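This briefing looks at the enclosed spaces inside a protein model and at the residues that surround them. Please keep the sequence and the structure at hand while reading.

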Amino acid sequence: MVYLVRRTANSVLLLLLTVSFVFVAGRMIGDPALNMLGPGATDVALEKLRRAAGLNDPLWQQYIRYVANLLQGDFGVSYRFGFSVLPSEDLDSLGQPVIDIVLERLPATFLLAAVAMGIAVPSGILMGVVAAAKPRSLADRVVTVVALAGVSVVQFWLGLMLIVFFSVQLGWLPTGGYGGLEHAILPALTLAARPIGRIAQIARSAMLDEMSKPYIVTARAKGAHEWRVVFLHALKNAAVPIITMIGDELSALLTGAILVEKIFAWPGIGLLIIDSLTRSDLPLIQASIAVVAALVVLVNLLVDLSYRIVNPRIKLGTEN
Amino acid sequence: MTATPAVSVDSLRVEFPTKGGSFVAVKDVRFEIMPGEILGVVGESGSGKSVTSAALLQLTKFSAGRVVAGSMRLVRGDGSIVDLRRSDERRMRNVRGNEIGMIFQEPVIALNPAYTIGWQLSEGLRIHKGLSGKEANASALELLQKVRISNPKRRLKQYPHELSGGMCQRVVIAMALACEPRVLIADEPTTSLDVTVQAEILSLIALLRKETGAAVLLITHDMAVVAQMADRVVVMYRGEVVEEGSVRQILHHPRHSYTRALLAAVPKIGEMTGTDGPKRMKIASQSGKEFSPAVASEEPLLEVRELTKRFPVRGGILRRVVANVHAVECVSFGVNRNETLALVGESGSGKSTVGRCILRLEEPDSGELTFEGQNLLTLSRAGMRNQRRHMQIIFQDPYGSLNPQMRLLDQVAEPIRNYRLDKGTAVEDRVASLFDRVGMPRSFLRRYPSELSGGQRQRVAIARSLALNPKFIVADEAVSSLDVSIQAQVLNLMMELQADLGLSYLFISHDMAVVERVSHRVAVMYQGRIVEIGPRASVFGSPGHQYTKTLLAAVPRMDPDVSFADIEVQARALPSPIRSVDHQPSSSRYREILPGHFLLRNDLY
C-alpha cells in the first residue's frame with residue numbers, strides 16, 4: 001500500500017510535468033491565435049480569439065489558470081470543434097469541452113489495442129518459448145527470422161499490403177473505417193507485427209536464460225515431462241522481462257497508432273492528435289496528450305504490480 | 001540385505017561433442033551399489049563424477065552429452081531390471097524422481113524461485129502417483145516432517161528465497177524422497193553450506209538411509225565427508241575410476257598414487273595438535289623449494305580497535321532508515337609482522353566486512369585502525385591511497401577478480417603503473433619476476449585469464465597483490481573455490497611468500513582445517529563479534545566459547561569410525577543481526593582464559 005501511494009504520487013507529478021511541457025511547447029511555436037486562424041485572419045478576429053482564450057495574459061498566469069482548471073477536471077474547450085464561425089468572446093458557452101472529444105475517441109483506440117495485443121501476446125510468447133525449448137532447431141531459426149521481420153517491417157507498407165490482399169483482391173475485409181470487429185482486424189494485424197517480433201525475441205532470450213538454470217535439472221530429475229518443465233517451471237520465471245516488453249509495446253500502441261489509424265481511417269486518439277495538430281487546436285492537443293500520458297503511466301503501474309504476482313521475490317517498495 | 005545390487009554400472013563411457021572432436025568425460029566406469037549402502041564417489045573438478053550421476057538418469061542428453069558405451073541397470077525391489085541406458089524418454093521419466101531421487105549441490109538455486117515449497121514438493125507425487133492436490137499436500141507436509149524442518153506447515157506456503165540454505169537443502173532432500181525411491185543420488189549435497197549446517201544435513205542423510213533402506217550414491221570432493229559417510233568409496237580422476245574399495249581400505253591403505261596425493265593434500269583437523277606455528281602441506285609431486293613457515297614476530301603491524309560497521313535497512317514512504325544490519329560490532333584485534341591471523345566464521349558472521357573495512361573498501365562507522373602507527377581512518381583520500389600500497393587483498397573468486405579482457409601482464413602491472421613504481425620495460429621485468437615468484441611460467445604473460453585454470457588464476461591474483469611489495473594482505477576465502485590439490489599448492493605458496501617476504505596475512509576463511517594449518521593466531525567471529533581469539537594451538541586445543549566448540553564439532557573428520565549418524569550437532573539458525581535503529585549494543589568485553597587467549601563475555605545466544 002505504501003508502494004501504491006508513493007507510486008501514485010510519482011505518477012501525478014510525471015503527468016503534471018508532461019502537461020506543463022506540452023503547455024509551454026504549444027506557446028513556443030508561434031502565436032497560437034495566428035496558427036489557428038491562418039495568415040488571412042484580420043487583426044480584429046485575432047484579438048477577439050486572444051481575449052476569449054486569455055492568450056493576452058502573462059504566460060505564468062495562463063499556466064496557473066490552466067493547471068487550476070485541470071485539477072478540477074476541466075481541460076478547456078476546443079478552439080474549433082462546436083462552432084464553425086469566428087470564435088465569439090464567449091468561448092466557454094460555445095466551445096465543446098475537449099475532454100469529451102478525447103474520451104469519445106478512446107473506445108476505438110482501446111478496441112484496436114486490445115485486438116492487436118490479443119494477437120501479439122499469445123503468438124509472440126508461443127514463438128519465443130518454442131524457439132528456446134530447442135535452440136538451433138529449425139523452429140528456432142524460423143522464429144528468429146519471423147521475429148526479426150516483424151520488428152523491422154514498415155507499418156505503412158504492411159498496412160497497404162494487407163489492404164491490397166485481403167480487401168481488394170480477396171474482398172474479405174473492409175479497407176478501412178470504424179465498425180465491428182471485421183473493421184479492426186486489418187489495422188490490428190498491422191499494429192501487431194512489431195509486438196509479435198519483440199515479444200518473441202524477449203521470450204526466447206529470457207527462456208534460454210531460465211532453461212540453463214539448475215532448477216530445470218531438478219524438475220527433470222523429478223520426472224516432469226519436458227512441456228511441463230518448459231511451460232510451468234521456466235515460463236513463470238521468464239515472465240518478468242516478457243511482461244515488461246508487453247507493457248512497453250502496449251504503451252507504444254496507445255501512443256503510436258497514429259500512422260495506422262490514418263491508413264485505415266480509424267477514428268482513434270491517434271487520428272484525433274493529427275487532426276488537432278493540423279488545426280492548431282491547442283486545448284485539444286493538450287488534452288489528448290495528457291490522456292495518452294495517463295494511459296501510459298497506468299499501463300506501467302499495472303506492469304509493475306503484475307511483477308509481484310509472477311515473481312514472489314519482488315516485493316515492491318522494499319529494499320532487501 | 002540382499003546380494004543383488006540396486007544399481008550396477010559397467011564400462012560406462014560418456015562423450016560430449018566439441019568443435020575439435022568429442023570430449024570423453026567418463027570412460028570405463030564401473031561400480032555397484034547395494035540397497036542400504038552409501039557409495040562415495042570422490043574426485044576433483046573435471047573428474048567426471050557428476051556426469052556419471054547425470055548419465056544414470058539420462059540427464060546428460062539435455063546438455064548434449066552422449067552415453068556411447070557401457071551398461072547401467074537399476075534393479076527394482078521385485079527383481080525386475082530397468083536398462084537405464086536404452087530406456088526411452090517415457091520410461092526414464094517414470095524412473096526419474098520415482099525410482100531414483102536426486103539431491104543437488106546448491107539447494108537455493110536448485111529450487112524453482114517462482115513456486116511455493118509445497119507445490120514443488122508435491123509435484124513428483126502428482127506426476128508419478130497421480131495424487132490429487134489435497135492428498136499431495138498432506139504428503140508434502142509428512143515429507144517435511146520426515147526431514148525434520150522447523151515449522152513444516154508454514155514452510156509449505158513459503159517460497160525458496162524465504163528459507164535459509166540449510167532449510168532449502170532439507171526441502172530438496174524431501175523432494176528426492178517423495179516417491180520413496182530405491183536409489184538416492186546426492187551430488188555434492190553440502191558443498192555450498194556452512195559447516196554446522198553441513199553436519200546437520202549429512203547426519204540427516206545417514207539417518208534417512210537407515211530409515212528407508214535406499215541405496216545412496218554420494219558424490220563429493222571432500223575426503224572427510226566420504227570418510228564419515230560412505231561404506232565404500234570410488235575414486236575418480238579425469239573420467240576414470242582409479243581405485244575402489246571399502247572406506248577403511250581407501251583411507252588407510254590407498255594403492256593408487258592419485259588417491260595418496262589427494263589424501264595428502266587434505267588438511268585434517270587435529271593433525272596440528274602439539275605444534276604452534278603453521279606447517280607446509282605435504283604434496284606428493286611438490287615443485288618448488290623447501291621452506292619452513294614463518295615465525296610470527298612480536299612487533300605489531302595492524303591494530304584494530306572497536307571496529308563497527310552497520311548497514312542501514314530502509315523502508316516506509318520516505319525511505320527512512322528503519323533498522324540496521326549489525327555486520328561488525330565492536331571488533332578488536334591486532335596483527336603482528338610476519339604473522340597470520342585467521343578470521344573464521346560462517347556466512348553472515350561479518351568476517352569479510354572486517355577485511356573490507358580495514359582496507360577502507362567499506363567505510364567503518366566507528367573504531368580505530370592503526371597501521372604502522374598511523375591512524376588509517378583520519379587519512380585523506382591521497383593519504384589512504386599511499387597506505388594501500390602496503391595493504392592488498394586477494395579475493396575468493398579468481399574468475400571474477402581478473403578482468404577477462406586484459407592480458408595477465410597488464411593486470412599484474414596495473415598497480416605498478418598506478419603508483420608509478422617503474423617505467424617502460426622495467427615494469428615488464430618486474431611482472432616477470434613476480435610470475436617466477438608465484439610459480440607461473442613467463443610464457444603466460446601475454447595470455448588472457450580464460451586460458452587459465454582456477455589455481456593458475458589465483459596465482460596471478462596473488463602476483464598482482466604482491467606487485468606493490470605490500471606488508472599486509474587480506475586473503476578473503478582465497479583458497480575456498482579451489483580443488484584440494486590446488487588448494488594445497490596455493491597455501492604452500494602463501495606460506496612460502498610469508499616466510500620469504502615477511503608478509504602478514506589476515507586469513508579469512510570458513511574452513512577450520514585449513515585455518516588450523518596456516519595460522520599463528522585465530523579469531524572466531526559470530527554475529528559480527530569476535531567471540532574467541534588467541535593462539536591457534538590454544539583455540540583449537542582448548543576452545544572456550546560454545547560457538548567455537550559447535551564449529552569444531554561440526555567439521556568432518558577423516559575417520560570412518562566416527563559416523564555422522566552418531567554426531568549430535570547443536571546447530572541453530574543464525575539469529576538475524578538486524579536490529580532497530582535505537583538499539584545500542586553493549587561493547588565487547590573479554591576475559592583471558594589462557595595466555596593470549598580471550599573469550600567474549602557478552603551473551604550472544
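What follows describes the internal cavities and their linings.

The model is a predicted one, and the cavity search yields two cavities of 30 Å³ or more. The largest cavity has a volume of about 110 Å³, while the second largest has a volume of about 50 Å³.

**The largest cavity**

- The lining of the largest cavity is made up of 15 residues, and those that lie nearest its centre are Ala221(A) and Lys222(A) from chain A together with Gly97(B), Met175(B) and Ala176(B) from chain B.
- Two or more residues of this lining are given by each of helix H10 (214–221) of chain A and, in chain B, strand S6 (100–103), helix H4 (117–128) and helix H7 (165–177).
- Sorted by class, the lining residues of the largest cavity comprise nine that are nonpolar, five that are polar and one that is charged.

**The second largest cavity**

- Around the second largest cavity stand Thr340(B), Leu491(B), Met494(B), Met495(B), Gln498(B), Tyr505(B), Phe507(B) and Val518(B), which together form its lining.
- The elements that contribute two or more residues to the lining of the second largest cavity are helix H17 (484–501) and strand S18 (504–509), both of chain B.
- H17(B) supplies four residues, which is the largest share of the lining of the second largest cavity.
- In terms of class, six residues of the lining of the second largest cavity are nonpolar and two are polar, whereas no charged residue is found there.

Notes: Residues numbered from 1 in each chain as written. Chains lettered and ligands numbered in written order. Predicted model: local features only at pLDDT ≥ 70, side-chain atom pairs only at ≥ 80, totals over all residues. Heavy atoms only, no water. 1 Å grid on protein atoms, 1.4 Å probe; cavity = no way out; pocket = protein on both sides within 12 Å on 5 of 7 lines; lining within 4 Å. Points joined across faces, edges and corners; volume = space filled by probe spheres on them. Nonpolar A, V, L, I, M, F, W, Y, C, P; charged D, E, K, R; others polar.
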